[in-house]
Amino acid sequence: MTPLRQRASWKALEDHYAKIKNIHLRQLFAENPKRGQEMAVEALGIYFDYSKNRVTAETIKLLLNLAEEADLRSRIDSMFKGEKINITENRAVLHVALRAPKDQQIFVDGENVVPKVHAVLDKMSQFADRVRNGDWKGHTGKRIRNVVNIGIGGSDLGPVMAYEALRHYSKRDMVFRFVSNIDGTDIAEATRDLDPEETLFIVSSKTFTTLETLTNARTARDWCLKKLKDDNAVAKHFVAVSTNASEVAKFGIDTANMFEFWDWVGGRYSYDSAIGLSLMIAIGPEHFREMLAGFHAMDEHFRTAPFDKNLPVLLGLIGIWYNNFFGAETVAILPYDHYLGRLSAYLQQLDMESNGKHVDLDGNVVDYQTGPIVWGTPGTNGQHAYYQLIHQGTKLIPCDFIGFCQTLNPIPPHHDLLMANFFAQTEALAFGKTADEVRADGVPDFQVPHRTFEGNHPTNTILLDRLTPEALGKLIALYEHKVFVQGTIWHINSFDQWGVELGKVLANRIIPELQAKDEPKLNHDSSTNTLIQRYRKLR
């Protein structure tokens, strides 16, 4: 395959960038009064306005040519067919199967995996209903009132993000907490005010050997047994999301209460699998399945819609434009809904673990930027923190603004004020305020440079009707597929994560050195040796 920067579509974009890089959004909107309507796409109840980007119709056409030359359509088809596109691990990439309807067929190694998915979903639903209605009792006969999910990475970020996002739909007479950090403070604070007799732990680890997860799980086990004083209690207060039945049983969990998922599901794409068991208990099986329907609707849109009307494709290509031609290194995700407080953290892993790669699928070192740094917090909090840098700083930071026309908590005038800020920020970022406009406000001359806003800062606006389980599924799938689009353009593997392994390996070397009774012989660099010695002395 021709290297990316040598392709005709890439060179055409480079030439185009040289021509339009200094054109201001003020000019683009002045030249086309209908730009706001023409550069918008509506699908699946999502209104995507990309008009406040530094693009023209020609830009979009050239970006679509880039997608065609990258063979994006074929790559999409390969994923949905269950081909092993995760080449370094020889695995299919089929998170789309987790939300496929029962009558759909998706094959891996000749086997239709959809029946397995629905068997697990049915098992989850039955268990969730038993916990929610009080039929599942703890060891002493008390009903479960607290659920603590223990995981890390995708086994934590997804469930906690979705629980917070859908808290409005959750069972409010139950407590849901999430533990991931190996720092003992995390598990200590999560359990401090809970009663072991009323607490259920969900231990989420595919291999049931993950250091952080199993350390926290053992601590939770000790905490539980300190009061219950019977090893048999473990089976009533712990369940597992795993594939390692022997380790699950060794821990004391009844393997009948082990919920399966598969190696064709990446961790950061897994919260709609059994990894979402805590979420299903919180919001109920019906709402969980509504969320899956939202995921599937976006999957089908991505699979079938023409690229010029395809939400994930357009979102991904616009990101390529800023990342690779303007040299932007970050993207801010700015949801204007308090329930989406963990969305940006979730998307950090989804995007940065997927596309934080420096070699392509052929093992060649790339000579272009790949994945961006993803960050952000809900509005309007961010406006009083870092928006200053976006508006008047020296860095170009493309932003995705996510909002809802209807609030789940209608307390006048809150939502109108929130959305007024939502619309005002994209307008201010795009058009700014000229020195003449500042002077016209009667501002003293010495303040004019400080109160001038250059504008021309790009934003996408993603507007939905209401934050429902279905809407959340659509939104998350939108970003999943956006990441896939960008990985395809960059010709990288978005579905492995070897970069997380080295630190784990080195940590396992250091653990016995920290815990040794006698002073160990250290063979690290001089900095690491000194730090270990200082820690051992002062701990």
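User: Helices here are DSSP runs (H or I, at least four residues), as strands are (E, at least two), numbered from the N terminus. Which helix does Q486 lie in?

Analyst: Q486 lies in α19, residues 469-490. This is a predicted model, where local features need pLDDT of at least 70 and side-chain atom pairs count only at pLDDT 80 or more, while totals for chains, interfaces and linings use all residues. Residues are numbered from 1 along each chain as its sequence is written, and side-chain values use heavy atoms, with hydrogens and water left out.

User: Is Q486 buried or exposed?

Analyst: Q486 counts as buried, because its relative accessibility is 2%. Buried means under 20% relative accessible area, exposed over 50%, and partly exposed in between (1.4 Å probe, protein chains only).

User: What is Q486 in contact with, leaving aside neighbours within four places in sequence?

Analyst: L315, G316, G319, I320, D351 and N355. Contact means heavy atoms within 4.5 Å.

User: And how many residues of α19 are buried?

Analyst: 21 of its 22, so α19 is largely enclosed by the rest of the structure. From first C-alpha to last, α19 reaches 32 Å, close to the 32 Å expected at 1.5 Å a residue. The expected span is 1.5 Å times one less than the number of residues. Just after α19, H491 has a positive phi of about 60 degrees.

User: Other end of the chain. Where is R7 found?

Analyst: In the segment before α1. R7 is buried, at a relative accessible area of 3%. Outside its neighbours within four places in sequence, R7 is in contact with M1, T2, E69, A70 and I489. R7 and E69 are 62 residues apart along the chain, and their C-alpha atoms are separated by 7.9 Å.

User: What about α1, which residues are buried there?

Analyst: S9, W10, L13, H16, Y17 and I20. They fall within an arc of 120 degrees seen down the axis, so they line one face of α1. The arc is that of the directions from the helix axis to the C-beta atoms. On the other side, A8, D15, A18 and K19 are exposed.

User: What covers the buried residues of α1?

Analyst: The cover includes α4 (57-69) and α14 (311-326).

User: Switching to pockets. What volume does the largest pocket have?

Analyst: About 1000 Å³. Of its 40 lining residues, T210, Q497, V500, E501 and K504 are the closest to the centre. On a 1 Å grid over the protein atoms alone, a pocket is an open set of points where a 1.4 Å probe fits, with protein on both sides within 12 Å along at least five of seven lines, and lining residues have an atom within 4 Å of a point. Points are joined across faces, edges and corners, and the volume is the space filled by probe spheres set on them.

User: Which helix gives the most to that lining?

Analyst: α20, with 4 residues. The lining of the largest pocket divides into 13 nonpolar, 18 polar and 9 charged residues. Ala, Val, Leu, Ile, Met, Phe, Trp, Tyr, Cys and Pro count as nonpolar, Asp, Glu, Lys and Arg as charged, and the others, Gly among them, as polar.

User: And the second largest pocket, what volume?

Analyst: About 460 Å³. Among its 19 lining residues, D337, H338, Y339, T407 and L418 are the closest to the centre. Helix α17 (residues 414-431) gives the most to this second lining, with 4 residues.
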